[in-house]
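Thanks for asking me to look this one over. My notes follow as numbered points, meant to be read with the structure open beside you.

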Amino acid sequence: MINRRKFIQKSLLSTAALSLGNNLSVNGKTIESKGKVTKPIVISTWDFGIAANQAAWKILKDNGRALDAVEAGVRIPEADLKNVTVGKGGYPDRDGHVTLDACIMDENGNCGAVLAMEHITHAISVARLVMEKTPHVMLAGEGALQFALENGFQKENLLTESAEKAWQEWLKKAEYKPIMNIENQHFSPNKLPGNQYNHDTIGMLALDAKGNLSGACTTSGMAFKMHGRVGDSPIIGAGLYVDNEIGAATSTGVGEEVVRTVGSFLVVELMRQGYSPEDACKEAVERIIRKKPQKAKEIQVGFLAINKNGQYGAYALQKGFSFAVCNEETQDLLIKGKSIF
Ligand code: SD4
């Protein structure tokens with residue numbers, strides 16, 4: 001499969017997609033949607049999305065549920081010790097604690113999240129249990145860990161030797177400065193050409209054969225953050241949003257800016273207004289710049305979106321953002337995201 005990997009620009013895809021049309025109808029209003037209808041399909045952020053998508057695809061190809069697919073998919077980077085931005089092996093906070101954030105959302109608007117949870121690799125599976133077994137949406141810190149342990153998860157040390165070494169090195173200066181596109185710098189065996197900046201977090205969106213959407217987002221957050229800091233990734237509406245009538249979106253990058261703009265909800269609402277997935281992501285990124293022009297060149301934020309027809313798109317502030325696509329035609333497509341700068 002790897003030898004079939006293609007790096008293509010989204011623009012090529014758009015050109016290739018003929019206007020077969022399958023407009024969406026929401027509350028009696030028709031939303032024009034050009035292009036081929038594709039399902040099932042799964043898309044996810046960064047180069048490590050390729051392997052994650054393949055795990056999700058095993059479920060989707062057998063008519064499985066999008067929710068099961070996204071959970072299975074993001075568990076791959078969560079367990080990958082080489083991945084320093086998701087799950088076990090993630091870089092710790094400034095006090096040496098690896099704290100994980102994750103959320104999941106299904107086609108019925110159900111959602112669950114864990115915030116700043118320690119000692120459990122598969123934060124996404126705990127988030128799913130919060131959704132399915134509790135009357136709540138979010139559990140944080142000690143409470144999230146307690147809930148996980150009560151539900152059979154094992155307590156682990158998530159701080160690997162190499163992550164501890166990186167933290168010790170960081171402590172020498174102890175300067176908090178987000179590293180752009182850290183996912184691809186540290187992890188990717190297949191860096192995209194021109195990758196100048198680096199970040200992390202897996203956000204995954206799937207549309208299953210029945211036409212239902214779900215999403216998952218999981219991260220260890222910004223490396224060397226303050227203890228207790230929570231970003232956008234486990235916040236429904238910020239790091240992830242799914243509306244089964246319209247589409248779904250997820251984000252990666254400096255979470256504070258995504259929270260301030262309720263980014264993923266914004267992207268879905270823009271699609272509701274008729275924006276294509278790519279244009280919706282672009283507008284959300286531009287809104288961040290309009291609010292914080294002075295910060296625009298210093299930080300990375302990227303959005304990824306899919307609509308109800310399986311059409312997808314992405315946009316980032318800086319170069320270096322990538323996303324992976326998996327469907328019947330291709331299981332290992334990696335696309336270089338467009339960017340403002
Ligand atoms: C956060 N959005 O914790 C995450 C981190 C990330 O690229 O995605 N970085 O803010």
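**Notes on the fold and a few residues**

1. Let me begin with a residue that is easy to miss: at 8% relative accessibility, Phe-224 counts as buried, because the cut-off for that label is under 20% relative accessible area. Phe-224 sits in the loop between E10 and E11. Its backbone deserves a glance too, since Phe-224 is not a glycine and yet has a positive phi of about 60°. Please keep in mind throughout that this is a predicted model.

2. For the overall picture, the protein has ten helices and 16 strands. Of its 341 residues, 60% count as buried. If you take the contacts with a separation of 6 or more, 66% of them come from residues 24 or more positions apart.

3. Strand E10 (residues 213-219) is a good place to look next. Seven of its seven residues are buried, so E10 is largely enclosed by the rest of the structure. In a regular strand the side chains alternate between the two faces of the sheet. Here Leu-213, Gly-215, Cys-217 and Thr-219 point one way, while Ser-214, Ala-216 and Thr-218 point the other way, and all are buried.

4. Which strands pair with E10? One is strand E5 (residues 100-105), which runs antiparallel to E10 and is joined to it by five bridges; within this pairing, Asp-101 has Thr-219 of E10 as its bridge partner. Another is E9, also antiparallel to E10, with six bridges between them. There, Gly-203 has Cys-217 as its bridge partner in E10. The hairpin of E9 and E10 has five residues between the strands, and in it Gly-211 takes a positive phi near 90°.

5. You will probably want to know about the annotated site. The unreviewed UniProt entry places the feature "active site" at Thr-201. Is Thr-201 buried or exposed? Thr-201 is buried, with a relative accessible area of 3%. Along the chain, Thr-201 lies in the loop between strand E8 (198-199) and strand E9 (202-207).

6. Thr-201 also turns up in the cavity analysis, as one of the residues that line the largest cavity. Rolling a probe the size of a water molecule over the atoms shows where empty space is left. The structure holds one cavity of 30 Å³ or more, and the largest cavity has a volume of about 50 Å³. Its lining also includes Asp-200, Thr-219, Gly-221, Met-222, Arg-229, Asp-232 and Ser-233. Thr-219 is thus worth marking on your view: it lines the largest cavity and is the E10 bridge partner of Asp-101.

7. Further along is an open sheet of four strands, in the order E11-E12-E13-E14, with antiparallel pairing. Strand E11 (240-243) and strand E14 (312-316) stand at the edges, each with a single partner strand, so one side of each has no neighbour in the sheet. From one strand to the next, the twist averages 10°. E11 and strand E12 (residues 247-253) pair in the antiparallel sense over four bridges, and Leu-240 has Thr-250 as its bridge partner in E12.

8. What lies across E11, E12 and strand E13 (301-307)? Helix H9 (residues 263-272) does, running at about 145° to E12. Seven of the ten residues of H9 are buried, so the helix is largely enclosed by the rest of the structure. The buried residues in H9 are Gly-263, Ser-264, Leu-266, Val-267, Val-268, Leu-270 and Met-271.

9. The backbone on either side of H9 is worth checking. Val-262 is found in the loop between helix H8 (255-261) and H9. Although not a glycine, Val-262 has a positive phi of about 45°. With a relative accessible area of 38%, Val-262 is partly exposed, whereas Phe-224, which also has a positive phi, is buried. H9 is followed by Gly-274, whose phi is positive, near 110°.

10. One last backbone detail: a cis peptide bond joins Lys-39 and Pro-40, with omega about 0°. Pro-40 has its place in the loop between strand E3 (29-31) and strand E4 (41-45).

Note on methods. Residues are numbered from 1 along each chain as its sequence is written. This is a predicted model: local features need pLDDT of at least 70, side-chain atom pairs count only at pLDDT 80 or more; totals for chains, interfaces and linings use all residues. Side-chain values use heavy atoms; hydrogens and water are left out. Two strands pair if DSSP finds at least two bridges between them. Helices (H or I, at least four residues) and strands (E, at least two) are DSSP runs, numbered from the N terminus. Axes are lines fitted to C-alpha atoms, for helices over the stretch in contact, and angles run from 0 to 180 degrees between N-to-C directions. Contact means heavy atoms within 4.5 Å. UniProt positions are given in the numbering used here, feature names are shortened, and annotations may be inferred rather than shown by experiment. Buried means under 20% relative accessible area, exposed over 50%, partly exposed in between (1.4 Å probe, protein chains only). On a 1 Å grid over the protein atoms alone, a cavity is a set of points where a 1.4 Å probe fits but cannot get out, and a pocket is an open set with protein on both sides within 12 Å along at least five of seven lines; lining residues have an atom within 4 Å of a point. Grid points are joined across faces, edges and corners, and a volume is the space filled by probe spheres set on the points.
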